[in-house]
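Visitor: Please take me through the sheet in this model, strand by strand. I would like a close look at how the strands are ordered and paired.

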Amino acid sequence: MAATALQPRRAASPYARRLARERGLTLEVLTGSGPNGRIVAADVAAYAARPAAPVAASGPQASALGTTIQLATLLQLLAGFADADTPFTLEDVVLRAAGCALDDVPESHSLAGAPVALEQQAGQLVFADIRKGSLAPLRARRLHAIEAGGDQSTEPAALSLKLLAASDIRPVMMPLKPGRNMRLVLAAGPATGECLLSFDAAAVSEDAATAFLTRFKAYLELPLRLLA
């Protein structure tokens, strides 16, 4: 696969980077008002508070990328963990893979460390700092959040994540959830998974989306790093 050309890192204050990350914004869409065009917190706040587009405007620039992921190795590992009475699920691993992949996107895209929203029947559960610690604490956090109930759909997150129960489905178009600039959908079968990444190209560059999906696929196909 040809290497993706990366854009130079944008100058931005640490606080501005954190605000942009929490809102799932890439620095490329922001205009800096600081010295030498440096992006400051006020620039992020101004972009987030911009008025709604006129009715005649096109609104978010919906775009999507898809890929087929080889899951045989991962599913065998999960079966082995289940036999050893350590029942990690595909949902645990996919959630961790999404968080790690966001961390691997070049810092200029300001997605590293951004929270991930896990879609549930009753709403969404938002998880931050996914890469910290091992898979076991993340599973414990997920189970605790499910038991506690509630809907965190209004909490900031870079993307929402959904697993489809049907294994013979190939997602080709899935709408973004309100307040999310990306949506990752995985239909997992017994050996492969069909994956679709929908994103708003006005807020997330194609380079960033491509880099994220490439890393997400690599984590699931070579999953030992996720099971530590």
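Guide: A definition comes first. Two strands count as paired if DSSP finds at least two bridges between them. The model is a predicted one.

Now the sheet. It is open and built from 6 strands. Their order is β1-β6-β5-β4-β2-β3, and the pairing is mixed. At the edges stand β1 (62-70) and β3 (123-127). Each has a single partner strand, so one side of each is left without a neighbour in the sheet. Direction ignored, neighbouring strands are turned by 20° against each other on average.

In general, strands of a sheet pair through backbone hydrogen bonds, either parallel or antiparallel. Both senses appear here, since the pairing is mixed.

Start at the β3 edge. β2 and β3 pair in the antiparallel sense, over 5 bridges. One residue pair to look for is Q120 with G123: G123, in β3, is the bridge partner of Q120.

Step across to the other side of β2. Strand β2 covers residues 116-120, and strand β4 covers residues 159-164. These two pair in the parallel sense, over 3 bridges. Here A117 stands opposite S160 in β4.

Stay on S160 and move on to β5. Strand β5 spans residues 182-188. β4 and β5 also run in the parallel sense, with 6 bridges between them. Across from S160 stands R183 in β5. S160 therefore gives a fixed point for reading across the strands: A117 is opposite S160 on one pairing, and R183 is opposite S160 in the β4 and β5 pairing.

Beyond β5, the order continues to β6 and then to β1. That brings us back to an edge, as β1 has a single partner strand.

One feature to place beside this walk is the largest pocket, with a volume of about 280 Å³. Lined by 17 residues, it has R23, L25, G179, R180 and N181 closest to its centre. By class, the lining holds 9 nonpolar, 2 polar and 6 charged residues.

Note on methods:
Residues numbered from 1 in each chain as written. Predicted model: local features only at pLDDT ≥ 70, side-chain atom pairs only at ≥ 80, totals over all residues. Heavy atoms only, no water. 1 Å grid on protein atoms, 1.4 Å probe; cavity = no way out; pocket = protein on both sides within 12 Å on 5 of 7 lines; lining within 4 Å. Points joined across faces, edges and corners; volume = space filled by probe spheres on them. Nonpolar A, V, L, I, M, F, W, Y, C, P; charged D, E, K, R; others polar. Helix = DSSP H or I, 4+ residues; strand = E, 2+ residues; numbered from the N terminus. Axes fitted to C-alpha atoms, helices over the stretch in contact; angles between N-to-C directions.
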